[in-house]
Amino acid sequence: PAGSFFGYFLLEMAERAGMDVHVDIYEPRDFSRPGPVGCNMCGGIISESLVQTLATDGINLPPTVVQRGIDSYILHMDVGSTRIDTPLYEKRIGAVYRGSGPRGIKEIKWGSFDGHLQSLAVDKGANILRSRVRKVSWQNDRPQLATQGNQPQDYDLLAVSVGVNSAALKLFQGIDLEYQPPQTTNTFIREYYLGQETIEKHLGSSMHVFLLDIPRLEFAAIVPKGDHVSLCLLGEEIDKALVKSFLEAPEVRNCFPPNFSLEQNVCQCSPRISIKGAVQPYADRIVFIGDSGVTRLYKDGIGAAYRTAKAAATTAIFQGISAEEFRQHYWPACQRISSDNNIGKIVFFVTRQIQKRRFARHAILRMVTNEQQKEARHRQMSLVLWDTFTGSAPYKEIFVRTLQPGFLGHFLWDIAVSIFGKR
C-alpha cells in the first residue's frame, strides 16, 4: 500500500503548496479479483492506533473493508489458554484482506484494503497504469520507466514501493545506486473456509495467538475474517517441517471443529518478509518506501508503509528530491523504524527464552489470567502482550514497560509460584 499512500499524500500536499503535480501509479494487480492475482500476501491485521492515525489524515476504512473487528486475544500455550481483553478500550484491531479474498471464493462480500487505498489516491488525481515495469534506466539525469508495448516515460521522481516478493527489485541491479535490498526470511500464510456460523462458535471475534515451544517459530496466529480464517506463521525460515509441527499441536487442533482437516486449505503462500531494512533507500530523484525500504519487524507492515510514504512525500514537496534532501528529511524516519526493530529483536529473544521454559509459560498464564480481574490500567502483562502481538506500540515502549519495578515484581513472583508451587 506504500505506493497508494505516497500518491495520496504527494497530491494532497502539492495542492496545499500550490504545485501542479502529475502522479502515475504502475500497478498490474487487480485488487477486485480474489486469489493470487489480487493478493499482496499479508495477514491483514490493522491496529486501532493505525486506524485512528489514518482517520486524522482523512483516510477512513469503510465497514465493507474491515471484515471483522477483533476485540480480544486468546493466548494458547501447552500449560493452558487465557483470554486477553482489550487492555484499553480504544485498542482494538481490524482484520482485512489486501485483495478481495482467497482463491475459490464464490461470492465477494468484502472490499480490498489495497484497492480502497488505491481509489483514494485516484480521487486525489493519481493515474493508474495497469502495466508491469520492465526496465528502469536514467535518461538526462531523470528516471525512465519502460513497459511492454509502450513508449518509455521520463519522470522527475520515482518512488519505489514494490514488495520484497517482487522481481521488480532486480530492475535496480544494473543502475549505479548504493541501494541494497532488505534482508528477508520465509513466512507462511494459509486460508481456511469455515463459514461465519462456525467461526463464531469456535473462534469468535478473538485473534488466537500461540506461544509454543517450536524452534524457529517467533509468532503464530489464527485470524478470523468473513467466512474464512487466516493462519499466519512468522519466524526464521518457516518450512514444511515447522508448519507440520505447528499444525499437529493440540493447542492448534482444538481451535477448529472436530474432524476438520487442516490440510483442507483454500489458499496458501510462503512469502518472504523483511527482517532488516535496505541500505540507503534513496538517491537523486528516487526513493524506496514501504517493504523495499524499511518495515517493522514481524508486525505492522501497513503502518510502516504509511509512515515511510508520508515522510517521502513530505520531503519531496516541501524540501526537494535530491539524495541530500532525502538523507536529511526522509532517512531519519527509516532510522527510527530500524532502531526500534533492534529493540524488537531483544523482545523476541526474551520471548524465545520464555517459550523454552515451562515455568515461564506458566507464570505468564497465571499473571495474565489474574490481570483480567483488574482495571485496564493495571493489566501490565496483558498490555505488553497486546502491543507485541498487534504492533500497536513501538518495541522500545514495550521493552521499557517490562523494566518497570511493578511489572518485574509481579512477573518474578508468578515465576516463583510456578517453580515452587506456592498458592
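Quick ground rule first: buried means under 20% relative accessible area, exposed means over 50%, and partly exposed sits in between. Also keep in mind that this is a predicted model.

**Exercise 1. Sort the partners of two salt bridges by exposure, starting with Asp 156.**

Step 1. Asp 156 comes out at 44% relative accessibility, so it goes in the partly exposed bin.

Step 2. Its partner is Arg 142: the two side chains meet in a salt bridge, 3.3 Å from N to O. Asp 156 sits in the loop between strands S10 (153-154) and S11 (158-160), while Arg 142 belongs to strand S9 (residues 142-147), so the bridge ties together parts 14 residues apart in sequence.

Step 3. With a relative accessible area of 27%, Arg 142 is partly exposed too.

Step 4. Now take Glu 248, whose salt bridge with Lys 244 has its closest N and O atoms 2.5 Å apart. Glu 248 has a relative accessible area of 53%, so call it exposed.

**Exercise 2. Check the span of helix H1 (residues 2-17), then work out its surroundings.**

Step 1. At 1.5 Å a residue, the 16 residues of H1 should span 22 Å. The end C-alpha atoms are 22 Å apart, which agrees.

Step 2. Look at the cover: 13 of the 16 residues in H1 are buried.

Step 3. Pick out Glu 12, which counts as buried at 18% relative accessibility. Its side chain meets that of Lys 124 in a salt bridge of 3.9 Å, N to O. That pair links distant parts of the chain, since Glu 12 is in H1 and Lys 124 is in helix H3 (residues 113-124), 112 residues away. Lys 124, at 33%, counts as partly exposed.

Step 4. Step off the end of the helix: just after H1, Gly 18 has a positive phi of about 75°.

**Exercise 3. Describe the second largest pocket and what lines it.**

Step 1. Start with volume: the pocket holds about 480 Å³ of space.

Step 2. Find the centre. There are 28 lining residues, and the closest to the centre are Val 347, Val 350, Thr 351, Ile 354 and Thr 402.

Step 3. Map the lining to elements. Strand S15 (217-224) and helices H9 (331-356), H11 (380-390), H12 (395-402) and H13 (405-420) each give two or more residues. H9 gives the most, with 7.

Step 4. Tally the chemistry: 22 nonpolar, 4 polar and 2 charged residues.

**Exercise 4. Count the salt bridges, then find a network.**

Step 1. The structure holds 21 salt bridges.

Step 2. Follow shared partners, and Arg 296, Asp 300, Arg 307 and Asp 340 join into one network.

Definitions and conventions: Residues are numbered from 1 along each chain as its sequence is written. This is a predicted model: local features need pLDDT of at least 70, side-chain atom pairs count only at pLDDT 80 or more; totals for chains, interfaces and linings use all residues. Side-chain values use heavy atoms; hydrogens and water are left out. Helices (H or I, at least four residues) and strands (E, at least two) are DSSP runs, numbered from the N terminus. The expected span of a helix is 1.5 Å times one less than its number of residues. Buried means under 20% relative accessible area, exposed over 50%, partly exposed in between (1.4 Å probe, protein chains only). On a 1 Å grid over the protein atoms alone, a cavity is a set of points where a 1.4 Å probe fits but cannot get out, and a pocket is an open set with protein on both sides within 12 Å along at least five of seven lines; lining residues have an atom within 4 Å of a point. Grid points are joined across faces, edges and corners, and a volume is the space filled by probe spheres set on the points. Ala, Val, Leu, Ile, Met, Phe, Trp, Tyr, Cys and Pro count as nonpolar, Asp, Glu, Lys and Arg as charged, and the others, Gly among them, as polar. A salt bridge is a side-chain nitrogen of Lys or Arg within 4 Å of a carboxyl oxygen of Asp or Glu.
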